[in-house]
Amino acid sequence: MRLTDFAFAPIPEAAETLRGEVRAFLSREMRDIPPVVRADSWMGYDTAFSRKLGAAGLIGITMPKRFGGREAGAFARYVVSEELLAAGAPVSAHWIADRQSAPLLLHFGTPAQQERYIPGIVRGETCFCIGMSEPNAGSDLASIGSRAVREREGWVLNGRKIWTTNAHRSQYMIALVRTGGGGDDRHGGMSQFVIDLAAPGVTVRPIRDLSGGEHFNEIFFDDVALDGEALIGTEGKGWAQVMAELAFERSGPERFLSSMTLLHTLVEEVGAEPDALQAFHIGRIGARIVALRAMSLSVTAQLDRGGDPTWAASCVKDIGTALEQELPEIAQLLSAGEPRVDSGSDHEQVLAYLTQLAPSFSLRGGTREILRGILARGLGLR
Amino acid sequence: MRLTDFAFAPIPEAAETLRGEVRAFLSREMRDIPPVVRADSWMGYDTAFSRKLGAAGLIGITMPKRFGGREAGAFARYVVSEELLAAGAPVSAHWIADRQSAPLLLHFGTPAQQERYIPGIVRGETCFCIGMSEPNAGSDLASIGSRAVREREGWVLNGRKIWTTNAHRSQYMIALVRTGGGGDDRHGGMSQFVIDLAAPGVTVRPIRDLSGGEHFNEIFFDDVALDGEALIGTEGKGWAQVMAELAFERSGPERFLSSMTLLHTLVEEVGAEPDALQAFHIGRIGARIVALRAMSLSVTAQLDRGGDPTWAASCVKDIGTALEQELPEIAQLLSAGEPRVDSGSDHEQVLAYLTQLAPSFSLRGGTREILRGILARGLGLR
Amino acid sequence: MRDMFEETAERVLGDLVTPETLVAAESGAWPEALWSAVEENGLGLAAAPEALGGVGGSWHDAFVLVRAAGRHAAPVPLAETILVNWLLGLAGLDAAPGAATLAVGPGRLVDDVFSGTLADVPWGGQAGHVLTRSEDSFVLLSCADAKSTAALNTAREPRDTLVFAEARPVAAAPVPVHFPPDALLLGGAMIRSAQIAGGLGRLLDTAIDYANQRVQFGRPIGKFQAIQHQLAVLAEQTALASAAAEMAFASSARGPCPEAIAAAKSVASEAAGQGAAIAHAVLGAIGFTYEHVLHFTTRRLWSWRSEFGSQAVWAQDIGRRLCRQGESGLWAAIIATAPASASKG
Amino acid sequence: MRDMFEETAERVLGDLVTPETLVAAESGAWPEALWSAVEENGLGLAAAPEALGGVGGSWHDAFVLVRAAGRHAAPVPLAETILVNWLLGLAGLDAAPGAATLAVGPGRLVDDVFSGTLADVPWGGQAGHVLTRSEDSFVLLSCADAKSTAALNTAREPRDTLVFAEARPVAAAPVPVHFPPDALLLGGAMIRSAQIAGGLGRLLDTAIDYANQRVQFGRPIGKFQAIQHQLAVLAEQTALASAAAEMAFASSARGPCPEAIAAAKSVASEAAGQGAAIAHAVLGAIGFTYEHVLHFTTRRLWSWRSEFGSQAVWAQDIGRRLCRQGESGLWAAIIATAPASASKG
């Protein structure tokens, strides 16, 4: 590890000025959203909210102006993101498209693909999901079995994806599937495609989670016809393209701010005069958020410079996951209230909800085992 | 795991009556021992103390009366042990002999061996050490290379042992060495010997530890002649004999009480009115000691019945190690004083000393990796 | 009697607490068949004296029943009923017919009628009777006499509020004089400790089975050292919680033992959180689905650890007591928590 | 200037802080050659203004020097000297010649003479000057004017008590008005955070090398998943401590920034304990010997985390502040801790 990976990176003035704009938007649009809905934040799906955010020019701000963006830098996106998350805004309807799909298309897509998809994303109208895991390939993506076979001008896709966030309410999936043999390279022979989820042969089955909610899905592809324009980037290079997205996926503030609503209700419950145990734990969480934010900003600076901070991003993700999974544990330790469902105080409800959601924090974006393996290899353990 | 492994086992009245006897002894003999010396407890070497304890009939109390013991049960030994540890008594000069060597000799030794060694142990005069690890076989005891070769009536031993506690002040070592090929069994071909450390060809080199103290040693064997009476038990069965000792080694109260002096000075430093953080952590430690003691007593009951609680004992050891390694961390969190060497308050000195000693807690009796591997296998992970 | 209790509980609960029963109970359905079997087998009366309509088992023996109730996530107030009938017995009162529950308070018995708002009452809206306290008296009330407001814990177990206005008690008697002032809170904490131990045992079995079956990177995940170590810790936490909980029962033969229960509930509550986290980490995505049974246990652990006092409440209780003792009484205070010579009653 | 600072520090300290120097320093020997090289290269003057005899580097740039002092376990008050000369510069005073240190107090300057008992003074018996505070003034004293009593931290670094009785200060000046009241404590906490980050970086390098070389069960232990995961956590803690510490320096251009320093010291102190535990677990028995160099770093981490406020002191400071803000000001309070637009000075 080079500690320079985490050199201090202040937010430039230009990006900082966006903060007021986002806060003004949020104070208007979040007024009537109760804490238990805010608790959903990153998983909260609200198309009306996303469209308003798009109309306010706050989605896809790093995109070219010709597609509706502001051509702003990574820090500008950072400021917008953290303000949305800190407020518990329901961002799920546009988040993945904004964070991953639009940058991927801008980087690897054809001009036609960019024209077709990016403006809708920027307007907050188009919802994307990412198809990675399969029933027999959870953490082990090299064993993906969904396969697209060339036929005439296009491809025919068969297979299954699972644990796909938001597939049941997305228009498109960007999926990693097999298009050839991998040869010696376990990760070879894979390609990325945009799939219209309304196309014949696609079946989306929501998976009910333990809290009773539906965020994840199983998706079946039966002879789904894909035209030549569906391929993103280079055939057989899907794995490398996916890896390039990872730093975006793993380093953002959603990795340590998606449970902020619980910190809010906890502080409210504890009141202005915490006892020594409460002060310690609330302060400890606060300090770790501050430190993680410094790391996250440092990764943002590298992304802004076009660097490859995959290792550093995985580091942010792993620490952030630990913090977010700890937060409900600490909240229950410090509060007299018991977790409650469909009853009880705001804090009790948010506590119950995030306690139940917490196990999923280490599912999204790589399990802790996978991440720590990546970190260890990056450290030069042979 | 069967939870019945940890069924509640109260201390029988007969054993309980010993407690007063031990406390009376301790209040006499511990009067002038300062906290920083008590902090050593389990590692504290004081031959005068051990002889007095032996004279009081409190060593080897499970041994036959003909060897000076009381023929008492495992619970009686438990009561004596925990009272000694809780008081921070310097028990190291007799501890290993009392806990492991005497029972081993009683179980596997010849009548002549028993006559020769056990009475001295019971009087607190004979100090034993256990030779297991070797320079190229740390946790991996199957790769032990010290070897005893048959010659005339006896054996000739060559090799090296390392990390042997107290070898520099012991009369005897019981060593596990190779006497034959293991064949397919990685643990075959090993035997146990009693080695007189004053014998020609034995060199003991103390290893200075990070705190500046000397507890561990490296021992060199150069053509050391062992007579026929040196072999303990059966040739080639050394590994199985060693395994039978492990439950004794891993389940006792020294696995969670050897840092009690720090809890004492911490409570003294905090005073009668702890704040919420101090009360939480001191109470948490207290509760865990109570729970571990319940587990440890349950293992003692199984030993008393002649059962094989190896798995349960490893469980006690691993939790106990975690607790003892946590204690200095918590003590420094809760106290205003800074750790001090050769200066500062009793608490500051005990804190510095046990903080430095803590890493060794997971060296003795199996590293945490080894123990958790044993636990996992016992759980039926295939 | 312990073995008989354990066998009966395993048979009755093993057969009747199915995923379907659990799902139905979450929507508010009372599991009639399950509760009938519980009554037929006298499980709720295990620790009440025979003279007062009970089975006459010792409180220590009842531990295995309460742990089994936790192990099977039984969606009925079995643990509460066992506790209430034991306490009634110690107070010289007849066992309560049917399902019983308890309420820490506050409420007051004045002129033979009881008024008060009792919050967080397990199955308050469905149980027949609730045991509470008014100053020096135990008061047994009929739940039907209260206005009930529904509330649910994380596992959607009822934790209702009962409002009594001048209700006439079914029975009342002085609280035994040697009882601690917070005997009901302690009793609740004690049964939750045992239930947590049972729930952790279930998590451990589930996680081990899964780890032996699920293949990733070409081998069962139970072969990976990281998984093995996590399961070892889960086993340790289970053992610690169970040992502490049983010690609390064993120490409470004559009434709730504050020191042992504080230790048990604080240890069990910490273990609950760690255990649930490990089980979910091992099972990964499948364990996060409603379809898999894991959550019936983990969602209960997430609530039980908070009920009748969290880890912090009880740890601080112990910590304050140890600090009051000071250095010289520290060790005596620690071993006093576990009675040397078994149950005295 | 940052790169130049880092290169110089690595060269000077890398060459001269040998195990022999460290062992000698533990017995009380002053490492003359090392300190001469520090002075020749102007390291102690890095962040003092040129006009006042310093090198004129920014406080943010000085971060890498202080981190390097920690990385190499330099047995001299280098971090303290850099801090003191920076603070003197902000107060408009000339840099102190030679080795300087600081004392949080308490003491009082009355009629131009200073009296007080200053405890826990790093190298108090060996440094030339000590900076302390008397009400609204910074006071620079000559250590030779004090009666010194030796004390040692876990790493046997001097942490002496200096007793001044009516000593005449070398210099004095008003504390800059925008400084927080506990500026010296904050300054000390800030340099210890950076030293901890450096020390953790050293532990990480040492542990990785060892894990790649040490063979057990037929392969390097670095191949075992349990070791890999522990080293990943050590790297994470190192990164977290370093990022937080650097942020504290970057935020303190005009004087110690309380919010950022509280975050940095509490994060770094926690990381120090975790990191030392992991390094010792990975290195096993060899790391427990005096012969291996590991302890020169871990024993320092065990002290540095307590010095100038433990994790608890600073975390509680943040916690109380966040709770005072309440829910509506929480987020603003968190991001205020890290200044958005870099250093303002």
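Copies of a chain are superposed by least squares on the C-alpha atoms of residues with pLDDT of at least 70 in both. The structure treated in these exercises is a predicted model.

**Exercise 1. Relating chain B to chain A**

Task: Find what turn and what shift lay chain B on chain A, and state which residue of chain B comes closest to the rotation axis.

Solution. Begin with the superposition, in which a turn of 180° together with a shift of 0.0 Å along the axis lays chain B on chain A with an RMSD of 0.0 Å. The two copies are therefore related as by a two-fold rotation axis. Next, look for the residue of chain B that comes closest to this axis, which is B:L277, with its C-alpha at 2.1 Å. Then turn to the contact itself, to which chain B and chain A give four residues each. On the side of chain B that touches chain A, three of the residues are nonpolar, none is polar and one is charged. Finally, compare the two sides: 100% of the interface residues of chain B are also interface residues in chain A, so the copies meet through the same surface.

**Exercise 2. The contact of chain A with chain D**

Task: Determine how many residues of chain A are in contact with chain D, and work out which helix of chain A supplies the largest share of that side.

Solution. Count both sides of the contact, where 46 residues of chain A meet 46 residues of chain D. Then list the helices of chain A that each supply at least two residues to the side touching chain D, namely helix 1 (13-16), helix 10 (260-270), helix 11 (276-304), helix 12 (310-334) and helix 14 (368-378). The largest share of this side comes from helix 11 of chain A, with 17 residues. Sorted by character, the residues of chain A on this side are 29 nonpolar, eight polar and nine charged.

**Exercise 3. A residue of chain D and its surroundings**

Task: Decide whether D:L330 is buried or exposed, and name the residues with which D:L330 is in contact beyond its neighbours within four places in sequence.

Solution. Locate the residue, for D:L330 lies in helix 10 (residues 311-336) of chain D. A residue is buried if 20 or more other C-beta atoms lie within 10 Å of its own. D:L330 has 20 C-beta neighbours inside 10 Å and therefore counts as buried. When neighbours within four places in sequence are left aside, D:L330 is in contact with A:L263, A:H264 and A:V267 of chain A, and with D:L322 and D:Q325 of chain D. For a further position in chain D, take D:I261, which is 69 residues from D:L330 in sequence and 18 Å from D:L330 in space, C-alpha to C-alpha.

**Exercise 4. A sheet in chain D**

Task: Give the order of the four strands in the open sheet of chain D, and explain why one side of each edge strand is left without a neighbour in the sheet.

Solution. Strands of a sheet pair through backbone hydrogen bonds, either parallel or antiparallel. In this open sheet of chain D the order is 2-3-7-6, and the pairing is antiparallel. Strand 2 (107-110) and strand 6 (147-149) of chain D stand at the edges with a single partner strand each, so one side of each is left without a neighbour in the sheet. On average, and with direction ignored, neighbouring strands of this sheet are turned by 15° against each other. Looking at one pair in detail, strand 2 of chain D is joined to strand 3 (residues 113-122) of chain D by four bridges, and D:V110 has D:V113 as its bridge partner in strand 3.

**Exercise 5. A hairpin in chain C**

Task: Describe which residues form the covered face and which the uncovered face of strand 2 of chain C, and state which residue of the hairpin takes a positive phi.

Solution. Separate the faces of strand 2 (residues 107-110) of chain C, since C:G107 and C:L109 make up the covered face, whereas C:R108 and C:V110 make up the uncovered one. Strand 2 of chain C pairs with strand 3 (residues 113-122) of chain C in the antiparallel sense over four bridges, and the bridge partner of C:R108 in strand 3 is C:S115. The hairpin of these two strands has two residues between the strands, and C:D111 takes a positive phi near 50° there.

Terms used. Residues are numbered from 1 along each chain as its sequence is written. Chains are lettered from A and ligands numbered from 1 in the order in which they are written. This is a predicted model: local features need pLDDT of at least 70, side-chain atom pairs count only at pLDDT 80 or more; totals for chains, interfaces and linings use all residues. Two residues are in contact if their C-beta atoms, placed from the backbone, lie within 7 Å. Ala, Val, Leu, Ile, Met, Phe, Trp, Tyr, Cys and Pro count as nonpolar, Asp, Glu, Lys and Arg as charged, and the others, Gly among them, as polar. Two strands pair if DSSP finds at least two bridges between them. Axes are lines fitted to C-alpha atoms, for helices over the stretch in contact, and angles run from 0 to 180 degrees between N-to-C directions. A residue is buried if 20 or more other C-beta atoms lie within 10 Å of its own, exposed if 12 or fewer, and partly exposed in between; C-beta atoms are placed from the backbone.
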